[in-house]
Amino acid sequence: MAALIGLLIGAAAAPPTAWQAAAQAPWTESAAWRAMARQRTASAAPHVLVSLDDAPRLRWAKVAPAFRQFVPGMMEYIRSEVPAWALPVLDVIGAAVRPYFGEEYGGEMEGLAEALGMRTGYLVFLNLIMQVEEIGINCSNWNTTGPTRKDDPGCVDVDPTQSFCYCKKAVEAGGSFEADGSLWLKKRKPADGPGLCTSIVAQDPAGQIYHGRNLDWNMPEAVRKLIADVTFTRNGKAVFTGTGAIGFVGNFNGMVDGAYSVSINARGKGGKLLTNILQALLHKSTTPCMHLRSVLTNEANFTSAVAALSQGAQIDENYFIVAGVQPAEGAVIARGRAAAVDTWMLEPAEPNGWFRLETNYDHTNPVPVADDRRTPGNANMIAMGQVGLARDSLKKVLLAFPTFNPHTDYTAVMIPKSGYYNSTIWMD
């Protein structure tokens with residue numbers, strides 16, 4: 001373990017490449033991006049069954065082989081994203097996956113790697129993808145939506161010295177900068193676009209709760225072909241339905257029929273990569289997606305789900321957006337690594353309190369000019385109105401630019417009370 005930590009710390013000290021800040025209009029105002037979004041095509045997510053009665057290593061044996069044809073594309077993606085220093089780290093974790101991820105998920109990863117014909121270390125990387133894939137905070141890649149402007153309130157609120165959100169010293173030095181103590185992956189360009197999300201929970205006049213989400217993850221199309229809705233069963237009965245990529249043991253979102261639904265958004269741009277991996281290794285923390293799956297497996301109602309999602313050590317920060325079946329059962333939980341730091345509930349009696357729209361910034365804080373999806377999203381919800389809320393109208397809001405954009409990989413609409421669960425994968 002000491003050698004492994006040394007390897008990580010040594011990697012963190014490596015200086016990043018020079019970078020020149022570019023001043024241009026936010027992508028949310030781009031007519032070209034709007035046009036690119038319209039070119040996306042919809043594909044229904046496949047649906048599979050996995051029995052929790054089977055041993056963890058055997059659970060995916062009947063499901064995974066059908067997706068093996070897409071593994072080469074996923075491997076190409078992994079090789080393009082994983083830093084060279086991380087390969088031996090992943091192999092170490094992969095060789096002893098159960099101590100890091102537990103008997104349940106560690107066993108599933110071993111079985112999935114075998115069924116998909118992959119090295120276990122690469123499968124581990126897939127399961128840590130939200131913790132490492134270009135959303136770690138540092139001067140080179142904090143601004144996933146680019147460009148962050150100098151003195152932008154949404155930037156200063158997160159980083160008062162503007163050392164990583166605007167890269168003030170780097171700009172003052174003519175575009176070159178020194179290592180800032182965080183791990184550098186690779187330079188992000190404004191054209192690379194967002195790697196973020198939007199989730200909405202809302203209540204109609206009759207008290208029914210609706211839940212929608214967009215996942216903007218920048219996944220290549222080869223990886224999107226691995227996305228599936230999975231119904232987990234026990235004793236022949238459905239426990240819950242959750243969505244993820246085959247090989248990924250956690251869930252992006254999921255629903256317990258007749259009880260509640262949950263989606264995940266990134267918070268704090270996912271955190272610093274080095275801190276995330278050390279948190280995983282030293283504290284045996286879970287990923288938010290694995291934590292979500294555990295809650296969906298074990299909690300029976302909205303109240304207990306909110307309580308469970310609000311506690312438990314996690315590798316990184318995130319938002320859990322939760323919808324229930326009773327009036328006012330809607331919440332946005334802002335998670336720190338140790339516990340919730342804020343819970344923002346529906347307040348139907350308040351003006352516009354009938355819905356909560358969450359992007360990737362705390363609702364009490366301003367958003368960066370470079371990534372203001374909050375203002376147009378809220379405006380579209382208000383224009384629709386509570387009386388206009390229905391599953392199709394909610395999806396229409398989700399598909400309005402810039403909430404929907406060229407980097408939206410997946411859209412879901414869930415209604416826990418009726419059991420409605422609709423998944424759409426977006427292809428190029």
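**Exercise 1. Find out whether Glu108 and Arg293 are buried or exposed, and where each one sits.**

Step 1: Check accessibility in this predicted model. Glu108 and Arg293 are both buried.

Step 2: Look at how they meet. Glu108 makes a salt bridge with Arg293, and the closest N and O atoms are 2.6 Å apart.

Step 3: Place them on the chain. Glu108 belongs to helix α5, while Arg293 belongs to helix α12 (residues 288–298); with the two positions 185 residues apart, the pair links distant parts of the chain.

**Exercise 2. Compare this with the salt bridge of Arg224 and Asp428: is each partner buried or exposed?**

Step 1: Start with the bridge itself. The side chains of Arg224 and Asp428 come together at 3.2 Å, N to O.

Step 2: Locate the partners. Arg224 is in helix α10 (residues 221–224) and Asp428 is in the segment after β14 (420–427), 204 residues apart.

Step 3: Apply the cut-offs: buried is under 20% and exposed is over 50%. Arg224 has 3% relative accessibility, so it counts as buried. Asp428 has 58%, so it counts as exposed.

**Exercise 3. Work out which residues join Glu103 in a network of salt bridges.**

Step 1: Take one pair to begin with. Glu103 bridges to Arg98, with 2.2 Å between the closest N and O atoms.

Step 2: Widen the view. The network links Arg57, Arg98, Glu103, Glu110 and Glu114.

Step 3: Add accessibility for the starting pair. Glu103 is exposed at 53%, and Arg98 is partly exposed at 25%.

**Exercise 4. Decide how helices α4 and α5 are oriented to each other.**

Step 1: Read the geometry. Helix α4 (residues 86–95) packs against helix α5 (residues 97–116) at about 50°, and their axes are 7 Å apart.

Step 2: Name the arrangement. The two helices are therefore oblique to each other.

Step 3: See who touches. From α4 come Val92, Ile93, Gly94 and Ala95, and from α5 come Val97, Tyr100 and Phe101. Sorted by class, that gives six nonpolar residues, one polar and no charged ones.

**Exercise 5. Say which strands stand at the edges of the six-stranded sheet, and why one side of each is left without a neighbour.**

Step 1: Write down the order. The open sheet runs β1-β14-β13-β4-β3-β12, with antiparallel pairing.

Step 2: Go to the ends. β1 (41–44) and β12 (355–358) each have a single partner strand, so one side of each has no neighbour in the sheet.

Step 3: Zoom in on one edge. Four bridges join β3 (residues 197–203) to β12, and Ile200 has Leu357 as its bridge partner in β12.

How values were computed: Residues numbered from 1 in each chain as written. Predicted model: local features only at pLDDT ≥ 70, side-chain atom pairs only at ≥ 80, totals over all residues. Heavy atoms only, no water. Axes fitted to C-alpha atoms, helices over the stretch in contact; angles between N-to-C directions. Parallel < 35°, antiparallel > 145°, perpendicular 65-115°, else oblique. Contact = heavy atoms within 4.5 Å. Nonpolar A, V, L, I, M, F, W, Y, C, P; charged D, E, K, R; others polar. Pairing = 2+ DSSP bridges. Salt bridge = Lys/Arg side-chain N within 4 Å of Asp/Glu carboxyl O. Buried < 20%, exposed > 50% of the residue type's maximum accessible area, 1.4 Å probe, protein only.
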